[in-house]
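Me: I have a structure open and want to go through it with you. Can we keep the answers short?
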Amino acid sequence: MRYYMIQWQPEADDDPVRMYLELSDDGLTAYRRLEMYQNGIYAALEEPAPADLSTLTGEGERMILSASQFSEVWHQTRELPDGLMGLFF
């Protein structure tokens, strides 16, 4: 597995400012994704990524993470109120 943190300046208020990705070894399949927004809301996703991952990452600054770094961020978000659902409850 490969792990990345991508950070960029969002074009719109509803675009994420930071994304954490867990990718397959070939870098073509995303398994888990965590999107962080300017207002502190996050979205944790476990779903297939688009075939072209550049649609997710764009021109953002990429940083390689270790498996333990990604896991720590992933599990910390599980301790917070449920991301986007936190807006409604």
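Me: Leaving aside neighbours within four places in sequence, which residues is Val-73 in contact with?
Reply: This is a predicted model, so take everything here as computed. With those neighbours set aside, Val-73 contacts Tyr-20 and Leu-34.

Me: What is the largest nonpolar core made of?
Reply: Nine residues in all. They are Tyr-3, Met-5, Tyr-20, Leu-34, Tyr-42, Leu-65, Phe-70, Val-73 and Trp-74.

Me: Which elements give two or more residues to this core?
Reply: E1 and helix H2, which covers 67-78. H2 gives the most, with three residues.

Me: What other core lies apart from it?
Reply: One of seven residues. Among them are Ile-6, Trp-8, Met-19 and Leu-23. As a general point, nonpolar side chains tend to be buried together in soluble globular proteins.

Me: Switching to the sheet. What is the strand order?
Reply: E4-E3-E2-E1-E5. It is an open sheet of five strands with antiparallel pairing.

Me: Which strands stand at the edges?
Reply: E4 (42-45) and E5. Each has a single partner strand, so one side of each has no neighbour in the sheet.

Me: By how many degrees are neighbouring strands turned against each other on average?
Reply: 15 degrees, with direction ignored.

Me: How many bridges join E1 and E2?
Reply: Six, in the antiparallel sense. E1 is residues 2-7, and E2 is residues 18-23. Within that pairing, Tyr-3 stands opposite Glu-22, Tyr-4 has Leu-21 as its bridge partner, and Gln-7 stands opposite Arg-18.

Me: And on the E5 side, which residue is the bridge partner of Tyr-4?
Reply: Ile-64. E1 and E5 (residues 61-65) pair in the antiparallel sense over five bridges. Tyr-4 therefore has a bridge partner in E2 as well as one in E5, with a bridge counted as DSSP finds it.

Me: What about E2 and E3, how many bridges there?
Reply: Six, antiparallel. One facing pair is Leu-23 and Ala-30. The two strands form a hairpin with six residues between them.

Me: Which residue in the turn has a positive phi?
Reply: Gly-27, at about 75 degrees.

Me: Is E2 mostly covered or mostly open, and how many of its residues are buried?
Reply: Mostly covered. Five of its six residues are buried.

Me: Let's zoom in on Glu-22. Buried or exposed?
Reply: Buried, at 6% relative accessibility. The cut-off for buried is under 20%.

Me: What does the side chain of Glu-22 make a polar contact with?
Reply: The side chain of Tyr-3, at 3.4 Å. Tyr-3 is also the residue that stands opposite Glu-22 across the strands.

Me: And which residues does Glu-22 touch beyond four places in sequence?
Reply: Met-1, Arg-2, Tyr-3, Thr-29, Ala-30, Tyr-31, Arg-32 and Phe-70. Phe-70 is part of the largest nonpolar core, and so is Tyr-3.

Me: Charges next. How many salt bridges are there?
Reply: Two. In one, the side chains of Glu-22 and Arg-32 meet at 3.0 Å, N to O. Glu-22 is in E2 and Arg-32 in E3, so the pair ties together parts that are 10 residues apart in sequence.

Me: Are Glu-22 and Arg-32 buried or exposed?
Reply: Both are buried.

Me: What is the other salt bridge?
Reply: Arg-33 with Glu-35, side chain to side chain, at 3.1 Å, N to O. Both of those residues are buried too. In general, side chains of opposite charge can pair when their charged atoms come close.

Me: Back to Ala-30. Where does it lie?
Reply: In strand E3, residues 30-36. Ala-30 counts as buried, at 5% relative accessibility.

Me: How many residues apart are Ala-30 and Tyr-3 in sequence, and how far apart in space?
Reply: 27 residues in sequence. In space, 9.6 Å, C-alpha to C-alpha. Glu-22 touches both of them.

Conventions:
Residues numbered from 1 in each chain as written. Predicted model: local features only at pLDDT ≥ 70, side-chain atom pairs only at ≥ 80, totals over all residues. Heavy atoms only, no water. Helix = DSSP H or I, 4+ residues; strand = E, 2+ residues; numbered from the N terminus. Buried < 20%, exposed > 50% of the residue type's maximum accessible area, 1.4 Å probe, protein only. Polar contact = N/O pair within 3.5 Å; in protein donor to acceptor, adjacent residues only side chain to side chain. Contact = heavy atoms within 4.5 Å. Axes fitted to C-alpha atoms, helices over the stretch in contact; angles between N-to-C directions. Salt bridge = Lys/Arg side-chain N within 4 Å of Asp/Glu carboxyl O. Core = buried A, V, L, I, M, F, W, Y, C linked by side-chain atoms within 4.5 Å.
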